[in-house]
Every structure is written in C-alpha cells, then in structure tokens.
Amino acid sequence: MALDQSFVGRTYPPTEPYEVGREKIREFAEAVGDANPAYTDTEAAQALGHPDVIAPPTFVFAITFKAAGQVVADPQLGLDYSRVVHGDQKFAYNRPVRAGDRLTVISTIETVRTMAGNDILDIRGEVHDQNGEHVVTAWTKLVARAAEEA
C-alpha cells in the first residue's frame with residue numbers, strides 16, 4: 001500500500017538534546033578508521049580554530065537517524081519498517097559538530113513517492129545546537145520494498 005502523499009511537509013517535534021562528548025567522537029573516529037587528530041586531540045582541533053575536538057562528518061548520522069524514528073514510528077504514516085532499507089544519506093554543514101554541543105533535531109518529510117511498488121521516503125533533519133545555531137542539515141532516504149506477491 002502506497003504511503004500517503006499528504007504527509008509531505010509534515011514536521012515532527014524537536015528531539016531531546018543529545019550531548020556530544022569527546023569520548024563518543026573518539027570512539028566514532030576509531031570505528032570509521034579516521035585518524036584525523038582534530039577528532040581526538042583538543043590542541044590539534046584548537047590549532048585549526050575549533051574550541052574543542054570536532055566530530056567526523058558522518059557522526060551526526062546516528063543522531064539524525066534516531067530522530068527520523070519519529071517519522072518511522074508514526075502510525076498514521078503506515079510505513080512497514082520490516083521492509084525498509086537505507087537508501088541514501090547526505091549532509092550540508094554550516095560548521096562541524098563539536099564536543100560539548102547539545103544538539104536537537106527537527107525532522108520533516110520532504111518527499112513520498114512510489115517507484116516499482118517500493119515506497120520511497122525522504123526525511124530532512126535540521127540540527128541545531130544549544131544556542132539555536134543551525135549546525136547541519138541531513139537528508140535520509142528510506143526505501144520500503146514492495147511486498148512480494150503470493
């Protein structure tokens with residue numbers, strides 16, 4: 001069953017703040033194999049003009065994907081998450097994510113379409129810090145595969 005087009009433009013409430021810690025940044029950088037010292041060494045980050053260590057660009061995915069869970073869990077939308085695969089991800093940064101940031105995300109459904117029986121959902125996540133400064137916009141594409149015919 002195709003998703004309801006009337007959901008395009010629907011915005012969900014901001015998430016609770018996520019506090020970005022140095023250790024989480026370090027763990028993420030190690031997990032993705034990025035040895036950039038700005039991710040683990042405060043002095044190296046400060047030499048680049050940052051007040052503290054910064055996060056690798058894809059770090060924010062964990063925060064925005066969790067926020068997109070509000071969309072996925074919306075019973076009125078009717079998305080069958082058991083059939084969902086992650087289709088694409090992109091980011092547009094105003095500034096890097098930094099240790100000490102307290103980030104909130106506001107998710108909005110940008111597009112809903114059906115292609116070859118698959119439902120495709122584009123979700124935009126606007127990420128702001130504790131001062132209301134826009135940090136990054138993340139776009140997540142989810143594809144709910146078509147049900148197999150009996």
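Here are a few questions and answers about Asp101 and the sheet beside it.

User: Happy to start with Asp101: is it buried or exposed in this model?
Analyst: This is a predicted model, where local features need pLDDT of at least 70, side-chain atom pairs count only at pLDDT 80 or more, and totals for chains, interfaces and linings use all residues. Residues are numbered from 1 along each chain as its sequence is written, and side-chain values use heavy atoms, without hydrogens and water. Buried means under 20% relative accessible area, exposed over 50%, and partly exposed in between (1.4 Å probe, protein chains only). With a relative accessible area of 4%, Asp101 is buried.

User: Good to know! Which side chain makes a polar contact of 3.0 Å with that of Asp101?
Analyst: A polar contact is a pair of N or O atoms within 3.5 Å; within protein, one must be able to donate a hydrogen and the other to accept it, and residues adjacent in sequence count only if both atoms are side-chain atoms. The Asp101 side chain also has a polar atom 2.8 Å from the backbone nitrogen of Arg98. The side chain at 3.0 Å belongs to Arg95.

User: And which strands stand at the edges of the sheet?
Analyst: Strands are DSSP E runs of at least two residues, numbered from the N terminus, and two of them pair if DSSP finds at least two bridges between them. The open sheet has 5 strands in the order S1-S3-S4-S5-S2, with antiparallel pairing. Each edge strand has a single partner, so one side is left without a neighbour in the sheet; these strands are S1 (18-19) and S2.

Terms used: Helices (H or I, at least four residues) and strands (E, at least two) are DSSP runs, numbered from the N terminus.
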